[in-house]
Amino acid sequence: MDGNVRPESMVRITTPELAEAFINEQIPALQKQIGDGKVLLALSGGVDSSVVAALLIRAIGKNLTCVHVNHGLLRKGEAEQVIDVFRNQMKANLVYVDATDRFLDKLAGVSDPEQKRKIIGKEFIDVFEEEAKKIEGVKFLGQGTIYPDILESNGVKAHHNVGGLPEKFGFELVEPVKLLFKDEVRMVGKQLGLPDSMVFRQPFPGPGLGVRCTGAITRDRLEAVRESDAILREEFAKAGLQGKVWQYFTVVPDYRSTGVRDGKRLWDWPVIIRAVNTKDAMTATVEEVPWPLLNLITKRILVEVKGVNRVLYDLSPKPCATIEWE
């Protein structure tokens, strides 16, 4: 039977008991595959790679090395959370690489969205490759491939396959959740003790905030995206919308408008709020956010985020707009 085909008899993981049964099956299977070998894993902090990391920690402990690359395009607090959960709480062998300056220097002046993606992807591969070379005896590469990746891409998605490193280094792949759907991966993550903020993390693009800081990325505008996004997520959580709205984020485009503050003329950026619901990401509807909540978020952003003088709400469904702006 094809190892990339989910058996029809495979029971859907819908309860904590079924998640625990899956974990109990995977631990000896991973130990049998890996033996006393070493595994390398690119740990983004997303749901899939985090669940794979937690599984491998249970199975092989310190023989797993997680590499978390901070490219400077993460949301506020994400790198700190990865370090706290995996290094401090789970005692994982975690390598943290702050490559912010390296990425942002390469992205300086680049406005084309596809070119930005290529730079981010290549630089990530280069950083990961450099870290891989520092670790002796690695034979396996852990990956957060899940079943939709296989269905959609005839194999693992490019962002999971870390630029073809398995072929280049001769690594054997370790993909313990490759036959699971996203909701099942979340259920397993809960059972493994990962925090809800990680297990139920919203979809986040590979280039991170790089596609929400439209046009050529600048550090000050990137910071405006990060801070406004944090305010939006905080207030949505307080209002009970976390987990009820599929995806919500802010965008700071590369243009300015006239404003006024304390009697002085401003020439600052707008912050655009995007909140959508979808079942398959092929179409999306706009969330009808209550006006008092929008008003509160607007006031906070205008007071707390530097370089901003307007807050806008994106009312465009998909189609004809896409979910992300780039």
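Arg233 comes out as partly exposed in this predicted model, because its relative accessibility is 22%, just on the other side of the 20% cut-off for buried residues. Its partner sits on the buried side: Asp229 has a relative accessibility of 1%, so it counts as buried. The two side chains form a salt bridge, with the closest N and O atoms 2.7 Å apart. Both residues belong to helix α10, and because they are four residues apart there, about one helical turn separates them. Elsewhere, salt bridges with shared partners tie Glu234, Glu235, Lys238, Arg300 and Glu304 into one network.

Helix α5 (residues 113-133) offers another pair with four-residue spacing, Glu129 and Lys133, again about one turn of the helix. Here the salt bridge has its closest N and O atoms 3.4 Å apart. As for accessibility, Glu129 is at 12% and therefore counts as buried, whereas Lys133, at 58%, counts as exposed.

Then there is a pair that reaches across the chain. Arg201 and Glu78 meet through their side chains in a salt bridge, at 3.0 Å from N to O. This one links distant parts of the chain, the partners being 123 residues apart: Arg201 lies in the loop between α9 (196-199) and α10 (219-238), while Glu78 is in helix α3 (residues 78-89). Both Arg201 and Glu78 are buried.

These pairs are part of a longer list, as the structure holds 29 salt bridges.

Notes. Residues are numbered from 1 along each chain as its sequence is written. This is a predicted model: local features need pLDDT of at least 70, side-chain atom pairs count only at pLDDT 80 or more; totals for chains, interfaces and linings use all residues. Side-chain values use heavy atoms; hydrogens and water are left out. A salt bridge is a side-chain nitrogen of Lys or Arg within 4 Å of a carboxyl oxygen of Asp or Glu. Helices (H or I, at least four residues) and strands (E, at least two) are DSSP runs, numbered from the N terminus. Buried means under 20% relative accessible area, exposed over 50%, partly exposed in between (1.4 Å probe, protein chains only).
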